[in-house]
Amino acid sequence: MRRIVSCLAGLVGLVVVGAIVLALWLSMTDTSALRDRLAAELSTASGYTITAQGKMNFEVLPHPGVSVEDIRVENPLLPGKKPLAQATRIEVENELLRTLQQGEIVLGTVRLSDADVWLHRNEKGQINWTPATAAPEAPPKTSGAFPLQLTPQHLAVQNFELHI
């Protein structure tokens, strides 16, 4: 019995050390290239032009996830001018156990901070909430992409403003 307890303690110790090393590595990594790649992938998947100019941070504890600052969704009718949407910060948590069980990334809580959305219809009757390009039905089978369940379990919004 004593041997089982010491093996379990050693295993827990290895997991804790691994989490600390991972957290240190993530904190020292230049995330600007990852942030730009994430924005490009989201743009392709959604059909909207999405940019992120702020910091990107990874969290390990208490819930694994990522946060990105200064996100902008371009207005398809007025590119480069007033955006369709923008947020100061978006935080996305991963449901780690469900992700491991289901074999696809399962989003937990998504938090939007200081978000603004501008809905607009121009004189031709065109609406700005229709993407300029159609989003693909599903990722190509050869893309190597990890499956993603896009519906979050919870959505938390702080300081949201809708402009019509």
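The exercises below work through the fold, core, salt bridges and two buried polar residues of one predicted model.

Local features need pLDDT of at least 70 and side-chain atom pairs count only at pLDDT 80 or more, whereas totals for chains, interfaces and linings use all residues. Residues are numbered from 1 along each chain as its sequence is written, and side-chain values use heavy atoms, with hydrogens and water left out.

**Exercise 1. State which secondary structure elements the protein chain has and in what order they come.**

Step 1. Helices (H or I, at least four residues) and strands (E, at least two) are taken as DSSP runs, numbered from the N terminus.
Step 2. The count gives three helices and seven strands.
Step 3. Along the sequence, the pattern reads α-α-β-β-β-β-α-β-β-β.

**Exercise 2. Describe the burial, surface and contacts of the protein chain as a whole.**

Step 1. A residue is buried under 20% relative accessible area, exposed over 50%, and partly exposed in between (1.4 Å probe, protein chains only). Of the 164 residues, 23% are buried.
Step 2. Accessible areas come from the Shrake-Rupley method with a 1.4 Å probe; for residues, only the protein chains shown count as cover. The protein chain exposes about 11600 Å², and carbon and sulfur atoms supply 63% of that area.
Step 3. Contact means heavy atoms within 4.5 Å. Among contacts between residues at least 6 apart in sequence, 55% join residues at least 24 apart.

**Exercise 3. Identify the residues of the largest nonpolar core and the strands that supply them.**

Step 1. A nonpolar core is a set of buried Ala, Val, Leu, Ile, Met, Phe, Trp, Tyr and Cys residues joined through side-chain atoms within 4.5 Å.
Step 2. The largest such core has ten residues: Tyr 48, Ile 50, Ala 52, Met 56, Val 68, Ile 71, Val 73, Leu 84, Ala 85 and Val 117.
Step 3. Strand 1 (50-52) and strand 3 (65-73) each supply at least two residues of this core. Strand 3 gives the most, with three residues.
Step 4. Leaving aside neighbours within four places in sequence, Ile 50 is in contact with Ala 39, Leu 42, Ser 43, Ile 71, Arg 72 and Val 73.

**Exercise 4. Trace the salt bridges that link strands, and name the network they belong to.**

Step 1. A salt bridge is a side-chain nitrogen of Lys or Arg within 4 Å of a carboxyl oxygen of Asp or Glu. The structure holds seven salt bridges.
Step 2. Arg 89 pairs with Glu 69 at 2.9 Å, N to O. This pair joins strand 4 (Arg 89) to strand 3 (Glu 69), 20 residues apart.
Step 3. Arg 111 pairs with Glu 93 at 3.0 Å, N to O. Here Arg 111 lies in strand 5 and Glu 93 in strand 4, 18 residues apart.
Step 4. Arg 111 is partly exposed at 29% relative accessibility, while Glu 93 is buried at 17%.
Step 5. Glu 69, Arg 89, Glu 91, Glu 93 and Arg 111 are linked in a network of salt bridges.

**Exercise 5. Place Asn 75 and Thr 109 in the structure and list their contacts, leaving aside neighbours within four places in sequence.**

Step 1. Asn 75 is in the loop between strand 3 and strand 4 (85-94). Asn 75 counts as buried because its relative accessibility is 3%.
Step 2. The contacts of Asn 75 are Lys 82, Pro 83, Leu 84 and Asn 128.
Step 3. Thr 109 lies in strand 5 (residues 105-118) and is buried, at 13% relative accessible area.
Step 4. The contacts of Thr 109 are Glu 91, Val 92, Glu 93 and His 154.
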